[in-house]
Amino acid sequence: MNYELLIKETEAYVSKYMHKHDNSKLLFHNHSQTLQVVASANDLAKSYNLNEEDLYVVRAAAWFLYIGYYKTPEYPQEASIKLADEFLKNAGAEPHIIDAVKNCILSTKAGATPDTLVAKIICDAETSYIGTDQFSSCNKLKRKEAALLSDAIIDKSEWKRSSIDHLHAHQFYTENGRSRLNEKKMENLERLKK
């Protein structure tokens, strides 16, 4: 299988889908953030000697990760894996590739633990913003998005407390993620506490 061609088709499909189903409430889980996750996934994957299939799995999972928000924001991972499954089957991807992409997406659900290197890379790519200077702006967008999607007012101090709890509980799963992002994550946590 030509994985370079398939990743281009994957990118085109996801981008077209997101633009066609644009949702102004998606301030964080959108095409722009998808591009950030894809870039982070590519960057994190460089440190590992992934074969062509595994590299495709990482890249495809990064592209499909947030597409589900455009279909069902309440159950985004489930919607994402359905769309990925349909696209990949139609593209002729082998079943083990489809299963690996779906596993990566499901490993990002709250309470899940990634069980493969590619899933660990996706989990770290998705939360990489936590270990960057963009954390504060991303966290604000997530709060606004949550308020818009729930049609409720989310108290700023409540959100701050939950963000502190989230950062305390969060972990990067790859050595690359820990070495590159943990220090800034701890700085962001300290800033939140102040």
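This section describes two helices, two pockets and two loop residues of a predicted model.

Helix H4 covers residues 76-90. At 1.5 Å a residue, its 15 residues should span 21 Å, and the end C-alpha atoms are indeed 21 Å apart, so the expected and modelled spans agree. The buried residues of H4 are Pro76, Gln77, Ala79, Ser80, Ile81, Leu83, Ala84, Asp85, Phe87 and Leu88. An α-helix has 3.6 residues a turn, so residues three or four places apart point the same way. The cover over the buried residues of H4 includes helix H1 (3-20), helix H3 (52-64) and helix H5 (95-106). Just after H4, Gly92 adopts a positive phi of about 85°.

Helix H7 (135-150) was examined in the same manner. For its 16 residues, a rise of 1.5 Å a residue predicts a span of 22 Å, which agrees with the 22 Å that separates the end C-alpha atoms. Within H7, the buried residues are Phe135, Cys138, Asn139, Glu145 and Ala147. These buried residues pack against helix H2 (31-45), H8 and H9.

Asp151 comes just after H7 and takes a positive phi of about 55°. Asp151 belongs to the loop between helix H7 (135-150) and helix H8 (156-169). Most residues other than glycine have a negative phi. Asp151 is a residue other than glycine with a positive value. With a relative accessible area of 73%, Asp151 is classed as exposed, because the cut-off for that class is over 50%.

A second loop, between H6 and H7, holds Ser128. The relative accessible area of Ser128 is 11%, and this residue is therefore buried, the limit being under 20%. The side chain of Ser128 reaches the backbone oxygen of Ala125 at 2.9 Å. Apart from neighbours within four places in sequence, the residues in contact with Ser128 are Ser40, Phe172 and Leu181.

The largest pocket of the model has a volume of about 790 Å³. Its lining comprises 32 residues, of which Thr108, Ala110, Thr127, Lys142 and His166 are the closest to the pocket centre. Two or more residues of this lining come from each of H4, helix H6 (117-126), H7 and H8. By class, the lining of the largest pocket consists of 15 nonpolar, 12 polar and 5 charged residues.

The second largest pocket encloses about 310 Å³ of space. Among the 14 residues that line this pocket, those closest to its centre are Ser136, Asn139, Lys140, Lys160 and Leu192. The elements that supply two or more residues to this lining are H7, H8 and helix H9 (175-193). H7 makes the greatest contribution to the lining of the second largest pocket, with 6 residues. This lining divides into 3 nonpolar, 4 polar and 7 charged residues. Asn139 is among the buried residues of H7 and is also one of the residues closest to the centre of the second largest pocket.

How values were computed
Residues are numbered from 1 along each chain as its sequence is written. This is a predicted model: local features need pLDDT of at least 70, side-chain atom pairs count only at pLDDT 80 or more; totals for chains, interfaces and linings use all residues. Side-chain values use heavy atoms; hydrogens and water are left out. Helices (H or I, at least four residues) and strands (E, at least two) are DSSP runs, numbered from the N terminus. The expected span of a helix is 1.5 Å times one less than its number of residues. Buried means under 20% relative accessible area, exposed over 50%, partly exposed in between (1.4 Å probe, protein chains only). Contact means heavy atoms within 4.5 Å. On a 1 Å grid over the protein atoms alone, a cavity is a set of points where a 1.4 Å probe fits but cannot get out, and a pocket is an open set with protein on both sides within 12 Å along at least five of seven lines; lining residues have an atom within 4 Å of a point. Grid points are joined across faces, edges and corners, and a volume is the space filled by probe spheres set on the points. Ala, Val, Leu, Ile, Met, Phe, Trp, Tyr, Cys and Pro count as nonpolar, Asp, Glu, Lys and Arg as charged, and the others, Gly among them, as polar. A polar contact is a pair of N or O atoms within 3.5 Å; within protein, one must be able to donate a hydrogen and the other to accept it, and residues adjacent in sequence count only if both atoms are side-chain atoms.
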